Amino acid sequence: MTAQLPHPVTAPIPRYHSKTAFSIPLDQKDAIIRVSAYHRKDFDRAVTWFTPRKHSNGVTCLSTAFREPTTSLGDLDRLPLELINEICLQLDIVSLLYLRQTNARARHVINALHEYQIVTTHALDPLYALLRTRSASRVTLLGFYRLLCTQSCSLCKDQYGDLVYLPTWNRCCSNCVRSGAPELYLVTLTTVKRVLHLSKTSLAKLPAFTTLPGIYSMDERSYSSRTTIVPTQSALSAYSEENGGTGPGRDLLNKLHDRPVLTFMACCAIPSYNPQTHQIENGISCAGCQLALQDGISTGMGEWACDVRDMVYSRDGFLKHFVWCEQAQVLWLGSNNGTVEPPKLPYSCKKGGYFTPRE
Ligand SMILES: [Zn+2]
Ligand SMILES: [Zn+2]
């Protein structure tokens, strides 16, 4: 978990914390974020990720109605439109897309849903990830949309959750994935069968998930095969249920050893959506904290220096950080009110992290 950052007021760090809180004019918030923050593309690409090229055909298929409907939805059309909409919201993603394929009328009804529009406009990666990992039948359109309307990591609570854990459709953060939070452990279905000897009924209930070939983890390792995996916690709960509340002994637990890369394979970057402002966020990190590391200001001052450089913030979260982050302020002050690129902007921030470009 993240090491504690010294408090700027009670224990300020010279040159890392500013002497006073920076006062941000309301009309400069966007420009400050544009200059002093950046999106960590490498965090997106360490998990399940699709090249934009893979999206191009799908976008048309998912959002085009093709022609004016001349048919109806049959008996379903006897219901008021609000009820039809409610039914669509409660459908799982696979059933919804099957219904949408029925005819032009179905496509018109579903395309007109606000929730469907938000999902297919802003969250194609997690949508494709659900479909391609055979997990989409566990998530309803409403469940998908509601997750988009949240921001916090469901595990550590206080950090912006830039990822979704696909097997259980919970928001989590890059930090929890990289630091190996036990709630995100996974194990192959083959190992579960071999070690826990669960009944067929219990096995069928597990939120199984088929990984995709790709490049995963911060080490950028390539994996070509597909494996069916399940959350370790779900497998352990099923074992306890079958054994009168008794969990497996240590010898069995040791055989369920975790492969950290499986957690990366089970996650996907997901934006957040604010229904009041209609603003989409993808999570941002502080370029000033990278500069502080590069210039030797925060190196050797404890493990928080790298942790804080790797933090992902919401817009509001970043601005709260900015008021005390002196190097972020240095970048802003070097940008002539956001009109030029600050001379000290680190190269890795321009690149969006450390990975080599893949698209
Ligand atoms: Zn977290
Ligand atoms: Zn900073």
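Start with the open sheet in this predicted model: select its three strands, which lie in the order β3-β2-β9 and pair antiparallel. Colour the two edge strands, β3 (170-172) and β9 (267-269), and you will see that each has a partner on one side only. Turn the view along the sheet to follow its twist, which averages 35° from one strand to the next.

Now zoom in on strand β2, residues 163-165. Three bridges connect β2 with β9, and the two run antiparallel. Which residue of β9 stands opposite L163? Select A269 and you have found that partner.

Next, zoom out and colour the domains. The domain assignment gives domain 1 as two pieces, 1-39 and 284-359, while domain 2 covers 181-265. Between the C-alpha centres of domain 1 and domain 2 the distance is 38 Å.

Then select residues 73-119, which an unreviewed UniProt entry annotates as "domain: F-box". Over residues 73-119 the chain is 68% helix and 0% strand. Pick the C-alpha atoms at the two ends of 73-119 and you will find them 23 Å apart.

For the last stop, go to Y354, in the segment after helix α20 (347-351). Is Y354 buried or exposed? Y354 is exposed, because 11 other C-beta atoms lie within 10 Å, and the cut-off for exposed is 12 or fewer. Add D42 and S348 to the selection: leaving aside neighbours within four places in sequence, these are the residues in contact with Y354. Finally, show R40, which is 314 residues from Y354 in sequence but 8.6 Å away in space, C-alpha to C-alpha.

Methods: Residues are numbered from 1 along each chain as its sequence is written. Chains are lettered from A and ligands numbered from 1 in the order in which they are written. This is a predicted model: local features need pLDDT of at least 70, side-chain atom pairs count only at pLDDT 80 or more; totals for chains, interfaces and linings use all residues. UniProt positions are given in the numbering used here, feature names are shortened, and annotations may be inferred rather than shown by experiment. Helices (H or I, at least four residues) and strands (E, at least two) are DSSP runs, numbered from the N terminus. Domain bounds come from an automatic or database domain assignment. Two strands pair if DSSP finds at least two bridges between them. Axes are lines fitted to C-alpha atoms, for helices over the stretch in contact, and angles run from 0 to 180 degrees between N-to-C directions. A residue is buried if 20 or more other C-beta atoms lie within 10 Å of its own, exposed if 12 or fewer, and partly exposed in between; C-beta atoms are placed from the backbone. Two residues are in contact if their C-beta atoms, placed from the backbone, lie within 7 Å.
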